Amino acid sequence: MTRVLLAEDDPTISEPLARALRREGYDVDVCPDGRVALEAVEENPDLVLLDLGLPYVDGLEVCRRIRNDGRSVPVLILTARADEVDTVVGLDAGADDYVTKPFRLAELLARVRALLRRKSGDTGGDGEIIRIDPEARRAYFHDDELQLTAKEFDLLRVLVREQGKVVPREQLMREIWETAWFGSTKTLDMHISVLRRKLGDDATSPRYITTVRGVGFRFESSDQG
Ligand code: CA
């Protein structure tokens, strides 16, 4: 059964929405605040519906923590603040989509279905080049465990999470070294070259971690020889 985590503190929204989702055949876990939502995320829901204005831990922070833990669960934001949407869906928090309140139920359900489809589409399973276990902080490359330092693991986790997309240097510096970016990313380059070596990648024509000049790096999502 597809499990949806609904984090929403306003019962006039969460109750009818939960009913509608259950009618669609989803198993719905309603969380009235951010703290409860973060606990419920541990149970690996298939989708997270997240209100931004939540007590204790706000939705933005909940979303960030989900992504910092390396979880790729689709996150759909519910917000009354259309002006905040850019930050939420952009690089900062890593949400996948948003719906502004008041929303039409049919539209919201369509977005939910679209995200779930996308999710089932990219979990190909077999033939995975790389697998990250964020809880155990372990990474496997063609089923062999990689020996990585903490920062190397974090770097690989972010690149793999965003695989197929370019991850800007600024974002990597911020997410992994938690520093504002002032132009020098020597540390980052060093870690990239170590990771490439561990993946058996050729620095002059890397196959897994490619350099996108002037922007950042991309983990290639398919194993094209
Ligand atoms: Ca709210």
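Which residues are the protein donors of the calcium ion? In this predicted model, they are Asp9 and Asp51, each through OD, and Gly53 through its backbone-style label O, at 2.2 to 2.4 Å from the ion. Along the chain, the spacing of these donors is D-x41-D-x1-G. Two of them sit in rather unlike surroundings: Asp51 counts as buried because its relative accessibility is 4%, under the 20% cut-off. Gly53, at 39% relative accessibility, counts as partly exposed because that value falls between 20% and 50%.

## The chain overall

The protein chain has 225 residues, and 43% of them are buried. Its secondary structure comes to 8 helices and 11 strands. Take the contacts with a separation of 6 or more: 54% of those link residues 24 or more positions apart. As for the surface, the chain exposes about 12000 Å², with carbon and sulfur atoms supplying 47% of that area.

## Two nonpolar cores

In soluble globular proteins, nonpolar side chains tend to be buried together. Here the largest nonpolar core holds 24 residues, and the members that touch the most others are Ile130, Leu159, Leu172, Ile209 and Phe219. Elements giving two or more residues to this core are β7 (138-141), α6 (150-161), α7 (169-177), α8 (186-198) and β11 (216-219). The largest share comes from α6, with 6 residues.

A second core lies apart from that one; it has 21 residues, including Leu54, Ile66, Val75 and Ile77.

Phe219 is a handy residue to click on in the first core. Beyond its neighbours within four places in sequence, Phe219 is in contact with Ile130, Leu156, Leu159, Val160, Gln163, Gly164, Lys165, Leu199, Tyr208 and Ile209.

## Helix α8

How far apart are the end C-alpha atoms of α8? They are 19 Å apart, which agrees with the 18 Å that 13 residues should span at 1.5 Å a residue. The buried residues in this helix are Leu188, His191, Ile192, Val194, Leu195 and Arg196. An α-helix has 3.6 residues a turn, so residues three or four places apart point the same way. Leu188, His191 and Ile192 are among the buried ones, and the cover over the buried residues of α8 includes α6, α7, β10 (209-212) and β11. After the helix comes Gly200, with a positive phi near 70°.

## Strands and their pairing

Strands of a sheet pair through backbone hydrogen bonds, either parallel or antiparallel. This model offers both kinds. On the parallel side, β4 (residues 75-79) is joined to β5 by 4 bridges, and Leu76 has Asp97 of β5 as its bridge partner. In a regular strand the side chains alternate between the two faces of the sheet. Strand β5 shows this nicely, with Asp97 and Val99 on its covered face and Tyr98 and Thr100 on the uncovered one.

On the antiparallel side, β6 and β7 pair over 4 bridges. Within that pair, Arg131 stands opposite Tyr140, while Ile132 stands opposite Ala139. The two strands form a hairpin with 4 residues between them. They also belong to an open sheet of 3 strands, in the order β6-β7-β8 with antiparallel pairing. Its edge strands are β6 and β8 (144-145), each pairing on one side only.

## Backbone oddities

Where does the chain have a cis peptide bond? It joins Lys101 and Pro102, with omega at about -5°. Pro102 is placed in the loop between β5 (97-100) and α5 (105-122).

Two residues other than glycine have a positive phi worth a look, and they are set side by side here.

| Residue | Phi | Loop | Relative accessible area |
|---|---|---|---|
| Asn44 | near 55° | between α2 (34-41) and β3 (47-51) | 45% |
| Arg137 | near 50° | between β6 (130-133) and β7 | 41% |

Are these loop residues buried or exposed, or something in between? Asn44 is partly exposed, because its 45% lies between the 20% and 50% cut-offs. Arg137 is partly exposed too, because its 41% falls in that range. Arg137 also ties back to the hairpin, as it sits in the turn between β6 and β7.

Technical notes. Residues numbered from 1 in each chain as written. Predicted model: local features only at pLDDT ≥ 70, side-chain atom pairs only at ≥ 80, totals over all residues. Heavy atoms only, no water. Donors = N, O, S within 2.8 Å, 3.2 Å for Na, K, Ca; no water. Buried < 20%, exposed > 50% of the residue type's maximum accessible area, 1.4 Å probe, protein only. Core = buried A, V, L, I, M, F, W, Y, C linked by side-chain atoms within 4.5 Å. Contact = heavy atoms within 4.5 Å. Areas by Shrake-Rupley, 256 points an atom, 1.4 Å probe, with all protein chains shown as cover. Expected span 1.5 Å × (residues − 1). Pairing = 2+ DSSP bridges.
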